[in-house]
Amino acid sequence: MSTAKRWNLAQRISALLVAAASVVAACSTTQGPLGIDQHRWWSGLGPVLPHDDFPADCSLCHEGQGWHTLRADFEFDHAEKTGVPLEGAHAQAACLLCHNDRGPVDVFARQGCAGCHEDVHQGGLGQRCATCHVQETWRPFGQVELHRRTRFPLEGIHASTACWRCHPGAEVGRFTPTDRECVTCHREDLAVALNPGHVGLGWVDHCDRCHQPTTWSNAEF
Amino acid sequence: MRGAVWFVVCAGLAARGIAARAPESGAPQGQQAPAAEERVSLEMRVVEVREDGLVVVDRGRVDGLARGDFVLFRPLGGGSVRGRVISADERRAGVQLDERDVVLALGTRGETAVPRARLAPRPVPVVEAPAEPAAEPSDEPERWERGDDGWTSDQPLLARVEALRPEQRPRRVYGRLFVSADGGWTSQVGRSDVLLRTGGDVLVQNPFERGGELHVDAELDYRRADRNDANPDEDAQRLRINRASYSWGGTRFQKVRQEAGRFLQDGVPEFGVLDGYEYGRRLESGDRYGASVGFMPEPTPEFESGHDFQVSGYYQWVSDKREELSATAGYQRSFHNGAADRDLLLGKLRYLPGEGWDFDGTLWVDLYTGGDDAKGTPVDLTRAQLSTGRRWDEGHALTVALVHQSFPDIERYEFEPPTASRLADDRSERLSVSGWRQLASGNRWHGHVGLWVDQDDAGGDLESGYEWVDFGGRGGRAELTGFAAQGAYSLVLGARAAVGGQLARARWDLSYEVSQHDLDGFSSDNDTIWQHRVSGDLGLYGMGAWDLHLDGSGVVWNEELSLRVAFYLSRSF
């Protein structure tokens, strides 16, 4: 009985070893991890784009002796061939700007804009770039409308003021944090408000009690 | 009759995506192939179009193609064109199109079906054994006696294509040059501003034949702001270098990535722009770690550097090679003019499954020591940016976002320095839900609900509208939206109408918005502003490398008026 138990234990160990060896063998002989066929990470790499299914006539796409240069008249229907249409400025982009040696394009495409584009806002505005940008141009759109979703809807003169007047870092993509108090942006206006002298009278905050968000020149009673 | 038979055969095979062909060249033209003959599909591409209309394809006799075969070409633009093989070399064939006036593009795909028997391997020549005793070894090379193994050009390439290393690639230069102008004027004399910008960015790949990349991004700005009679006008011009760096590695072949110069940090962009050096390494598991050292330019138009020194490090864990789930932890220690300034912990979590719900979250946590009295706490969540969203196959979308922010107690200049009380108390949280619902007609509803809370007040916003997609033509749109917002100083109610269109190489949009602003806390009855805003923009995008954009807006409120116009022109290369 005890012999049978020891045999069973040995069998289990053997089975475990066989299973482990099978896993190791399977992993080591698999063409690539998790079926990422394009733009492989691992060593033993092929070209940026696997050519296994391409026609054997290299001159259809390439020219030159080394076949490393695409023909000047090379065209590729990205939408038809890959199911991913190139929209806006992407239709004009050079292939190698996305399909290059840094790794699988599948991984980067999954990350959306951030997969290829630097986040000049340094994470401060989130990852949903399409809220403010379109694919045709990086000029943002709808800033006045979007500002209504903050504590400070743009009204009066503020709806026509350049971003950099309130956000000192706007030109380098930094918008936050920004204080909503009037004097944060209008400190110089407060300093020269002498008729009557605001600072002397202690009128240094709550400007909105007397001033409307118009052109700021006069109080609106 | 013969033509009718061929029509039936061609139609049947074309329906399967395969064109019929005539019998083998050896057989009399026009005879039917035996019905039971097994055929295999053969794809080909157009490699040459001759002046006489003859189309040359990249398949020949070794592929089973023979004179008289019919080929069906499928141009990218749609439809099909039939042709007939009139000559077949070993690896190429000439095809005469039925419609002589059709010109096929190089690379156009073609199909046919050939008898499998044609693809049978050719017999290997039998070398008879010498009748005489073996001769003495001679210096003559042995004859190549192996026959064709049956390879055809539609099979994978004989030799594996060797990967080109970055240092082997030809030097390439990409970039963009731009000029823009943005100006605003008001009906009150002495209130205007202008910002002129010109500059460009250049990326040089493999500039020194070592596989690295050189990045330069710089611009020249001029801005002028007329404030009013009492304040000094602002009049400044500056040259700002946004980036000037050299990076190398970080490719499929080199796990280590390094960059030196002025650049936005690659591993953790939240740590900001750096004048220094960054090192990053990718592990076999896909995880990454890295560190950086250098000065941080202030995030102002001047990009003044040399005051804030930082060291930072990070580790990024990924769940698998696809990086569906990743988590990053980083630490940044900075010094302002030589004195200890900021201890920043950063955590990021991303779940990007490709379909279904995704998630993105980033936390900025400041650690304060005994010298940082303003905060009154050793640990403070300075900023949080969390969002989750989903897009459905039907076209619906939903996004939920939560943002928290407060001021960090730092010496470095990143914003207008707040007072001590604001530093201690000021905070804001914003929760928003936005999305749209696609209707069967192709049009859609969109909506947005937001709530905010800060140290003093609370409010929110609501927006809902209907959008007509392809209004007036493909790419056009029309929109009607109503909105309300409770801000810190006012309650806003309004509506917006917008219309836009797509031209051959341009897009235009116009919108009109009317809103009523009730000012909170205003000490007079004169506390309502009616505001009208008209805006429009025109973008010319389809001009190759050129991009031209014009936009403008006008705002009328009470008896005042303001205008803004902007111009942007860029050329990519």
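How many bridges pair β3(B) with strand β4 of chain B, and in which sense? The two strands, β3(B) and β4(B) (residues 81-88), pair over 4 bridges in the antiparallel sense. Strands, like helices, are DSSP runs numbered from the N terminus (E, at least two residues, for strands; H or I, at least four, for helices). Two strands count as paired if DSSP finds at least two bridges between them.

The model is predicted: local features need pLDDT of at least 70, side-chain atom pairs count only at pLDDT 80 or more, and totals for chains, interfaces and linings use all residues. Residues are numbered from 1 along each chain as its sequence is written, while chains are lettered from A and ligands numbered from 1 in the order in which they are written.

Strand β3(B) spans residues 70-74, and 4 of its 5 residues are buried. A residue is buried if 20 or more other C-beta atoms lie within 10 Å of its own, exposed if 12 or fewer, and partly exposed in between, with C-beta atoms placed from the backbone. On one side, B:F70 has B:R84 of β4(B) as its bridge partner. The hairpin of β3(B) and β4(B) has 6 residues between the strands. There, B:G78 takes a positive phi near 110 degrees. Strand β3(B) also pairs with β6(B) (residues 109-115), antiparallel, through 3 bridges. B:R74 is matched with B:R109 in β6(B).

Strand β4(B) has a further partner. It is joined to β5(B) (residues 93-97) by 5 bridges, and these strands run antiparallel. B:V85 has B:V95 of β5(B) as its bridge partner. These pairings belong to a closed barrel of 6 strands in chain B, in the order β1-β2-β5-β4-β3-β6, with antiparallel pairing. From one strand to the next, the twist averages 40 degrees. Axes for such angles are lines fitted to C-alpha atoms, for helices over the stretch in contact, and angles run from 0 to 180 degrees between N-to-C directions.

In soluble globular proteins, nonpolar side chains tend to be buried together. A nonpolar core is here a set of buried Ala, Val, Leu, Ile, Met, Phe, Trp, Tyr and Cys residues joined through C-beta atoms within 7 Å. The largest such core has 18 residues. B:V57, B:L65, B:V71, B:V85, B:A93 and B:V95 touch the most other members. The elements giving two or more residues to this core are β1 (39-49), β2 (55-57), β3, β4, β5 and β6 of chain B. Strand β3(B) supplies the largest share, 4 residues. Another core, of 6 residues, lies apart from it and includes B:V268, B:Y314, B:L346 and B:W364.

Contacts are counted between residues whose C-beta atoms, placed from the backbone, lie within 7 Å. With neighbours within four places in sequence left aside, B:A93 is in contact with B:V57, B:R59, B:G60, B:L65, B:V85, B:S87 and B:A88.

Farther along chain B, β19(B) (residues 397-406) and β20(B) (residues 427-438) pair over 10 bridges in the antiparallel sense. B:Q405 stands opposite B:S428 in β20(B). Strand β20(B) is also joined to β21(B) (residues 444-454) by 11 bridges, again antiparallel. B:S432 is bridged to B:G450 in β21(B). These two strands form a hairpin with 5 residues between them, and B:G442 in the turn has a positive phi of about 100 degrees.

B:G313 lies in strand β14 (residues 308-318) of chain B. B:G313 counts as partly exposed because it has 18 C-beta neighbours inside 10 Å. Not counting residues up to four places away in sequence, B:G313 touches B:G290, B:A291, B:G330 and B:Y331.

Positive phi values also occur in residues other than glycine. B:E209 has a phi near 60 degrees and lies in the loop between β8 (192-205) and β9 (213-226) of chain B. B:E209 counts as exposed because it has 12 C-beta neighbours inside 10 Å. In chain A, the phi of A:H206 is near 50 degrees.

Chain A has 6 helices and 2 strands, in the order α-β-β-α-α-α-α-α along the sequence. Of its 221 residues, 18% count as buried. The contact between the chains takes 94 residues from chain B and 79 residues from chain A. The chain B side divides into 36 nonpolar, 35 polar and 23 charged residues. Ala, Val, Leu, Ile, Met, Phe, Trp, Tyr, Cys and Pro count as nonpolar, Asp, Glu, Lys and Arg as charged, and the others, Gly among them, as polar.

Terms used
Contact = placed C-beta atoms within 7 Å.
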